[in-house]
Amino acid sequence: METNRLSQRMNQALNAQVTLEAFSAQVYLMLSSWADDAKLDGISAFLIKHSQEERVHMAKIMEYIQERGGKVTIEAIPKPSPEPTNTKECFEMVLQQEIENSEAIYRLVDLSMSERDWATFNFLQWLVAEQREEEKLALTLLDKVNLAGGKDASHASIYELNKDIGETGQEFPTADEENPLL
Ligand code: FEO
């Protein structure tokens, strides 16, 4: 008896999203490392916490594939693009990553509709809502960077920005705070 409730195409597409979420986590790690090197400790902490959120997305999709009787295949994660050269570029990369992730999820929603796979459609609504929040956060942060002077921001405004972004609330603490995922 066939126990996989996902079509082969849907299983593959969800699996590709697992890899994309892992890639997103790598992008945030790369940006966090860049920020640390630039002595932007608040921004670095924010980005590393966000990397954890991406890994949670990845794990949730894996769990869903398995719950439906599908098979997760772990693939290689592509290398992120080169590091940014300033704070504005860093947060433009954040927004770009989130937009690309949203577009990939919308394609999954399209596929679930075309296959009348309503269980997957329903599951994906959580990710659609999550992406809406993530795009909103990325846009807000980019607005703050631009208000602070963008790529020409003074040292004083970068100092304040770093503090402000470091205090931005997120679901996950850094590694030196208590973290159940580490
Ligand atoms: Fe998993 Fe930031 O999207």
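This passage describes the fold of a predicted model, from its overall layout down to single residues.

The protein is built from helices alone, with 5 helices and 0 strands. Read from the N terminus on, its elements follow the order α-α-α-α-α. The C-alpha trace spans about 65 × 30 × 25 Å along its principal axes. Among contacts in the protein with a separation of 6 or more, 80% involve residues 24 or more positions apart. Such contacts join parts of the chain that are 24 or more positions apart in sequence.

The surface and the interior can be taken next. Of the 182 residues, 47% count as buried. The accessible surface comes to about 10,200 Å², and carbon and sulfur atoms account for 52% of that area. The protein carries 17 positive and 32 negative charges, and the mean positions of these two groups are 4 Å apart.

What lies in the interior? In soluble globular proteins, nonpolar side chains tend to be buried together. In this model, the largest nonpolar core has 25 residues, and those with the most contacts inside this core are Leu31, Ile43, Leu47, Phe91, Val94 and Ile165. Each of α1, α2, α3, α4 and α5 supplies at least two residues of this core. The greatest contribution comes from α1, which gives 7 residues. Apart from this core lies another one, of 18 residues, which includes Met10, Leu14, Met58 and Ile105. Leu47 gives a close-up of the packing: leaving aside residues up to four places away in sequence, Leu47 touches Tyr28, Leu31, Ser32, Ala35, Cys90 and Val94.

Helix α4 deserves a longer look. How does the length of this helix, residues 118-147, agree with what 30 residues should span? At 1.5 Å a residue, the expected span is 44 Å, and the end C-alpha atoms are 43 Å apart, so the two values agree. The buried residues of α4 are Thr120, Phe123, Leu124, Leu127, Glu130, Gln131, Glu134, Ala138, Leu141, Leu142 and Val145. Charged glutamates thus appear in this list beside nonpolar residues such as Leu124 and Val145. The partners of these buried residues are α1 (8-37), α2 (41-67), α3 (87-114) and α5 (155-166). Just after α4, Gly149 takes a positive phi of about 120°.

Two residues show how surroundings can be read from the model. The first example, Leu142, lies in helix α4. Is Leu142 buried or exposed? Its relative accessibility is 11%, and the cut-off for buried is under 20%, so Leu142 counts as buried. Leaving out residues up to four places away in sequence, Leu142 touches Lys88, Phe91, Glu92 and Leu95. The last of these partners, Leu95, is 47 residues apart from Leu142 along the chain, yet their C-alpha atoms are separated by 7.9 Å.

The second example, Arg9, is found in helix α1. Here the relative accessibility is 56%, and exposed means over 50%, so Arg9 counts as exposed. With residues up to four places away in sequence not counted, Arg9 touches Leu111 and Glu115. Glu100 is 91 residues apart from Arg9 along the chain, and the C-alpha atoms of Arg9 and Glu100 are separated by 20 Å.

How values were computed
Residues are numbered from 1 along each chain as its sequence is written. This is a predicted model: local features need pLDDT of at least 70, side-chain atom pairs count only at pLDDT 80 or more; totals for chains, interfaces and linings use all residues. Side-chain values use heavy atoms; hydrogens and water are left out. Helices (H or I, at least four residues) and strands (E, at least two) are DSSP runs, numbered from the N terminus. The expected span of a helix is 1.5 Å times one less than its number of residues. Buried means under 20% relative accessible area, exposed over 50%, partly exposed in between (1.4 Å probe, protein chains only). Contact means heavy atoms within 4.5 Å. Accessible areas come from the Shrake-Rupley method with a 1.4 Å probe; for residues, only the protein chains shown count as cover. The place of a charge is taken as NZ of Lys, CZ of Arg, CG of Asp or CD of Glu. A nonpolar core is a set of buried Ala, Val, Leu, Ile, Met, Phe, Trp, Tyr and Cys residues joined through side-chain atoms within 4.5 Å.
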